[in-house]
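Here's a quick tour of one model, for anyone who likes to know how the pieces fit. Have a look at the sequence and the fold before reading on.

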Amino acid sequence: MVERESREGAMDDVDAVTREVLTASRLLVAVSARSLSAVEDRVTLPQFRMLVVLSTRGATKLVALADLLHVAPSTAMRMVDRLIAAGLADRQVNPDNRRETLLRLTAEGRRTVEDVTARRRTEIAAIVERLLPEKRRVLIDALAAFNEAGAEPPAPDADTAPSPLGWE
């Protein structure tokens, strides 16, 4: 009987945490959408994800990019074509294997990632500033544990932010 109650209590805890994470994810999606508002005529959220991956990984093959984004190569190709048309990405021949094409950001694509990420960081910082210091410390520990459980690498500090959103 005690074991069953323990499992039920654990499930209630998992449900409560899941509910709070879902709520937080809604907030973060809203922040993400607002941060993209200045470029929404050129970039969708999935396309921005692609730009971030290219920003953090550098020149990447289409199949690898599709795998990283969990989309079909044909979907990734359509996204790349749109980003190229918008002047945010381009193709280059792989110098190590001339039969392969690599995809990379243009200077405008890199600026777009940097600008959107800066807007996102500013809005998140404003939300965090409204928390009491002790709540911030608890949130740091909780989010670090959550990110570790999800195998997400830590984001860089604001002054050393070479990889937007911390993606490696």
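What follows covers confidence, then the sheet, then the helix packing.

This is a predicted model, so a word on trust comes before anything else. The average pLDDT for the protein is 87, and 86% of the residues score at least 70. Residues 161-168 are the stretch to watch, with pLDDT below 50, although in the model they still have 28 contacts beyond near neighbours in sequence. Where pLDDT is low, the predicted coordinates should not be read in detail.

Now for the sheet. It's an open one built from three strands in the order 1-3-2, with antiparallel pairing. Strand 1 (60-61) and strand 2 (89-94) sit at the edges with a single partner strand each, so each has one side without a neighbour in the sheet. Strand 2 and strand 3 make a hairpin, and two residues lie between them. Six bridges hold that antiparallel pair together, with strand 3 spanning residues 97-105. On the other pairing, strand 1 meets strand 3 over two bridges, again in the antiparallel sense.

Which residues face each other across these pairings? Here are some of the partners in strand 3.

| Residue | Strand | Partner in strand 3 |
|---|---|---|
| Thr60 | strand 1 (60-61) | Leu103 |
| Asp90 | strand 2 (89-94) | Arg104 |
| Arg91 | strand 2 (89-94) | Leu103 |
| Val93 | strand 2 (89-94) | Thr101 |

Leu103 turns up twice: it stands opposite Thr60, and it is also the bridge partner of Arg91. In a regular strand the side chains alternate between the two faces of the sheet. The sheet has a helix lying on it too: helix 4 (residues 73-85) goes across strand 2 and strand 3, at about 115° to strand 2.

On to the helices. Two packed helices are described by the angle between their axes and the distance between the axes. Helix 2 is the one to follow here.

How does helix 2 pack against helix 3, and at what angle? Helix 2 (residues 45-57) and helix 3 (residues 62-69) meet at about 120°, and their axes are 11 Å apart. That makes the pair oblique. The crossing is right-handed. Helix 2 brings Arg49, Met50, Val53, Leu54 and Arg57 to the contact, while helix 3 supplies Leu65, Leu68 and Leu69. By class that's six nonpolar and two charged residues, with no polar ones.

Helix 2 also packs on helix 5 (residues 107-129), at an angle of about 110° and with the axes 10 Å apart. That counts as roughly perpendicular. From helix 2 come Phe48, Leu51, Val52 and Ser55; from helix 5 come Arg110, Thr112, Val113, Val116, Thr117 and Arg120. This contact has five nonpolar, three polar and two charged residues.

Definitions and conventions
Residues are numbered from 1 along each chain as its sequence is written. This is a predicted model: local features need pLDDT of at least 70, side-chain atom pairs count only at pLDDT 80 or more; totals for chains, interfaces and linings use all residues. Side-chain values use heavy atoms; hydrogens and water are left out. Axes are lines fitted to C-alpha atoms, for helices over the stretch in contact, and angles run from 0 to 180 degrees between N-to-C directions. Helices (H or I, at least four residues) and strands (E, at least two) are DSSP runs, numbered from the N terminus. Angles under 35 degrees count as roughly parallel, over 145 as roughly antiparallel, 65 to 115 as roughly perpendicular and the rest as oblique. A crossing is left-handed if the near helix is turned anticlockwise from the far one by less than a right angle, and right-handed if clockwise. Contact means heavy atoms within 4.5 Å. Ala, Val, Leu, Ile, Met, Phe, Trp, Tyr, Cys and Pro count as nonpolar, Asp, Glu, Lys and Arg as charged, and the others, Gly among them, as polar. Two strands pair if DSSP finds at least two bridges between them. pLDDT is the predictor's confidence in each residue, from 0 to 100.
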